[in-house]
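Visitor: Hey, got a minute to walk me through this one? I'd like to go chain by chain, then look at the contacts.
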Amino acid sequence: MNSLSPEAALSRISPELRPLLCTVVRNGRVGLDSSGCLRITDLKTGCTSLMPGPCCDRFKLHIPYAGETLKWDIIFNASDPELPPDFIFGEDADFLPEPSELPHLVSWDAGKPECLLQLVKELLQQYHQYQCQRLRDSSRLLFEYDSLLDDPNYGRSMEIYAGRKNTWTGEFSARFLLKLPVDFSNIPIYLLKDTALDPGEDVALLSVSFEDAEATQVFPKLYLSPSIEHALGGSSALHIPAFPGGGCLIDYVPQVCQLLTNKVQYVIQGYHKRREYIAAFLSHFGMGVVEYDAVGFTKLTLLLMWKDFCFLVHVDLPLYFPRDQPTLTFQSIYHFTSSGQLYSQVQKSYPYSPRWDGNEMAKRAKAYFKSFIPQFQEGAFANGKL
Amino acid sequence: MYSACAKDCGLGAYVSIMAASISGYTFSSVCYHSANSNSDHEGFLLGEVRQEETLSISDSHIGSSEFLSVIEVHNHEPCAQLFSFYDYAGNVNEENLNRILKDRRKNVIGWYRFRRNTQQQMSFREQVIHKQLTNILGIPDLVFLLFSFISTANSSTHALEYVLFRPNRNRYNQKISLSIPNLGNTSQQEYKVSSVPNTSKNYASVIKEHGTDFFDKDGVMKDIRAIFQVYSALQERVQAVCGEVDQSERVREKIQEEVNKLKEEIALRKRNSAEEERRLQEATAVTLPDNSALPDNSALPDSSHSSLTRVVLSGPSVEPSLERAVNSSSPPIYSTTLPPDSPSAILLPRPQAVGSPGHPSPSVGLGNGDGSSSDSLNRQATGQEDEDNSDEDSSEYENLVSEQLQPPSLSEAVTLGRPATVWPDGDAHSPPGS
């Protein structure tokens, strides 16, 4: 019952209610964290057991919010499908929204398929306000909230979850989920399209958990949408500085933002720099170029000859080029190692400076090849076999 | 309707607790309506709220009074469809409400909802409606009964769960236990009669028609009056008997006093007669030094003194009295004369002196208080010298004949005794009767 796919869940719902739920299940993205879409579980029926199926009309809706998942019960009546649903807000027994502020409830129209989704969004807004109200228990956290609210960058896209007081210590905890206003649009497409998942909107979310009302235990965490994470180099991209003791969000969040922006810049820059590098090599080595990565510009292979000795040079350009040095792999085309591979040698340290432009790098590389090749040749003859 | 607020003001805490009960037939009726509906179902609960106050005093705190509000659900009013008295936003329409409740509005104590396969928690709309109903109906402690019907996946087991809420309280005190009287093991508990008033018109008319057979004009059962009369009569009799007992006790007291007095007299006379005997003995000892013959010593010579012989012969009759006088071991009662005018004394049992030698069984009182009947017995025993008696003796002998008839029948009544006062024949003592 719990791990039903959306389609399977829909098939069990009473036919009259199906359009409403379709919208929720298929297109339902509410809140900041749109990677987790709305899920339906625990389908039950309010009809007698004599009713032939499918006639489920009540279910649990899982809504991601501020790093938590809200589980709300939604109760319809299959025999009166035109009536609006009722809600049980799970653990939040105190949450009681004002019906007059839910326009889609007051003028519920079962004929409109998006009515339920809109109602859920309105309820979430009310829920957000309710949580912000709860922050008033702690003046410190309230200050954090207010200061963020004033900032136009963050104020509008914030989700607060003010948790329950810890019954042992009476401590109050809260979680802030903020959407970071970082521009990911210039990230090269090739980086983004590798992901197998439906990327959705590229978003970076910063979640800051306050385990106590005095903000002495603060745990920040960065969430990136999978494509961004991949584009920025995997989970290492998620390392952010610790929350400074005594600091406040209004200082910390821009800091993280900047860090992320810088990373993105690096990545963008790196792309361009790599392009430049490859272009320069192409022009310098001309016919010597065997192949190169024309999309990401991460690899280049050259076939060169020195004194009748032909060899291959593979150049691997790292993500954070030019900060990180490219790796050169020399490969002999004649000799094999005992494992049947072509004999090769990797060179990671050679004269290099990130400040050189593409041309300069190509020239220096050429010079380096000349100096290194005799060494390589000897090695190849000595260790490899024809 | 009723105030049931909880205040904690330190000393003399004022606690309010609620208990609720629903009659079995109302409960089953609600379940029936609910289970037969193909959707959620709702309605109103009618009944009454009673307040009981318990004042408890203990050492730990100055009297605390406990208010127990008892809710009794007598009836219910189901709603035909959902949203019949409220709109989509949960606003309650008072007109529709009145149309559903009609004149039973004042009996409303709560409302109920039935929904299948949901949690036992008040939902959003239910809370909104509840607040409004509280205001509109003016019931501060309106209750909400939630039925939830849980079925297993293969419909093999269905559970009907019900929880009674009072949402107008703080959130930690919201659920009340609902009891259904007589739903349980009635072999162990008594079958409880509920105080639900019967509102059936048919019942009322039948009772009115036949009630006069059982009830009198005041509405009290006739049997009760009859029993009460019996009780009063018994009480009167008891009081009367008490009086009689009181009287007889007083009489008894008086008699007891007299008895004590007489005992003292007996003792006194005994002492006096003992004195006399002693003197007599001393006198005879001086004159007849060896006349210390015991009465049953037949070795005494016959011819020594005629008076003595006579004395000896009549020894058995004389000496018993002498002996009795000397031998103070015999009960002194026998040597005293009874006052002739106490007939009840005759009825008093007298202990028999078992083992006093030669003592004839005393005869029962024959009207002479002086023991003359025993005299007649004795005379018969020693009949021979009766012929030598004087006339007075023969007259007594005649008496003896007449009295002879009586002793045998009375001889077995030994316990009722007359003193066996035997006066020796021809003795200086003349029988008082003559």
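Guide: Sure. Let's start with burial: chain B has 434 residues, and 33% of them count as buried. Keep in mind that this is a predicted model.

Visitor: Okay, how many helices and strands does chain B have?
Guide: Chain B has 11 helices and eight strands.

Visitor: And what share of its contacts comes from residues 24 or more positions apart?
Guide: Counting contacts in chain B with a separation of 6 or more, 69% are between residues 24 or more positions apart.

Visitor: What about surface, how much does chain B expose?
Guide: About 26,800 Å², with carbon and sulfur atoms supplying 55% of that.

Visitor: Let's switch to the interface. How much area is buried between chain B and chain A?
Guide: Roughly put, about 2,500 Å², and carbon and sulfur atoms give 54% of it. On the chain B side, N38(B), Y88(B) and F124(B) supply 30% of the area that chain buries against chain A, more than any other three residues.

Visitor: How many residues does each chain bring to the contact?
Guide: Chain B brings 26 residues and chain A brings 32 residues.

Visitor: Any charges pairing up there? How many salt bridges does the rule find across the interface?
Guide: One salt bridge turns up between chain B and chain A. The side chains involved belong to R58(A) and D40(B), with N to O at 2.9 Å.

Visitor: And how many residue pairs are in polar contact between the two chains?
Guide: That count is 13 residue pairs, with both residues at pLDDT 80 or more. As for where the chain B side comes from, strand 4 (108-116) and helix 3 (124-137) of chain B each supply at least two residues. Helix 3 of chain B gives the most, with six residues.

Visitor: What's the makeup of that side by class?
Guide: The side of chain B that touches chain A has seven nonpolar, 11 polar and eight charged residues.

Visitor: Zooming out, how many salt bridges are there over all chains?
Guide: The structure holds 23 salt bridges over all chains. One of them, in chain A, pairs R175(A) with E68(A), where the closest N and O atoms are 2.7 Å apart. R175(A) sits in strand 6 (residues 174-179) and E68(A) in strand 3 (residues 68-75) of chain A, so this pair links distant parts of the chain, 107 residues apart. E68(A) is partly exposed, at 27% relative accessibility.

Visitor: Got one inside chain B? Say, what does E77(B) pair with?
Guide: E77(B) meets R104(B) in a salt bridge, 2.6 Å from N to O. E77(B) is in strand 3 (residues 64-78) of chain B, while R104(B) is in the loop between helix 2 (94-101) and strand 4, so the bridge ties together parts 27 residues apart in sequence.

Visitor: Is that E77(B) buried or exposed?
Guide: E77(B) counts as buried because its relative accessibility is 15%, under the 20% cut-off. R104(B) is partly exposed, at 27%.

Visitor: What about a pair within a helix, like R278(B) and E275(B)?
Guide: Those two form a salt bridge too, the closest N and O atoms being 2.9 Å apart. R278(B) and E275(B) are three residues apart in helix 5 (residues 222-287) of chain B, so about one helical turn separates them. R278(B) is partly exposed at 42% relative accessibility, and E275(B) is partly exposed at 37%.

Visitor: Last one: which residues are joined into one network by salt bridges that share partners?
Guide: E42(B), R113(B), R115(B) and E126(B).

How values were computed
Residues numbered from 1 in each chain as written. Chains lettered and ligands numbered in written order. Predicted model: local features only at pLDDT ≥ 70, side-chain atom pairs only at ≥ 80, totals over all residues. Heavy atoms only, no water. Helix = DSSP H or I, 4+ residues; strand = E, 2+ residues; numbered from the N terminus. Buried < 20%, exposed > 50% of the residue type's maximum accessible area, 1.4 Å probe, protein only. Contact = heavy atoms within 4.5 Å. Areas by Shrake-Rupley, 256 points an atom, 1.4 Å probe, with all protein chains shown as cover. Buried area = accessible area lost by both parts, 1.4 Å probe. Salt bridge = Lys/Arg side-chain N within 4 Å of Asp/Glu carboxyl O. Polar contact = N/O pair within 3.5 Å; in protein donor to acceptor, adjacent residues only side chain to side chain. Nonpolar A, V, L, I, M, F, W, Y, C, P; charged D, E, K, R; others polar.
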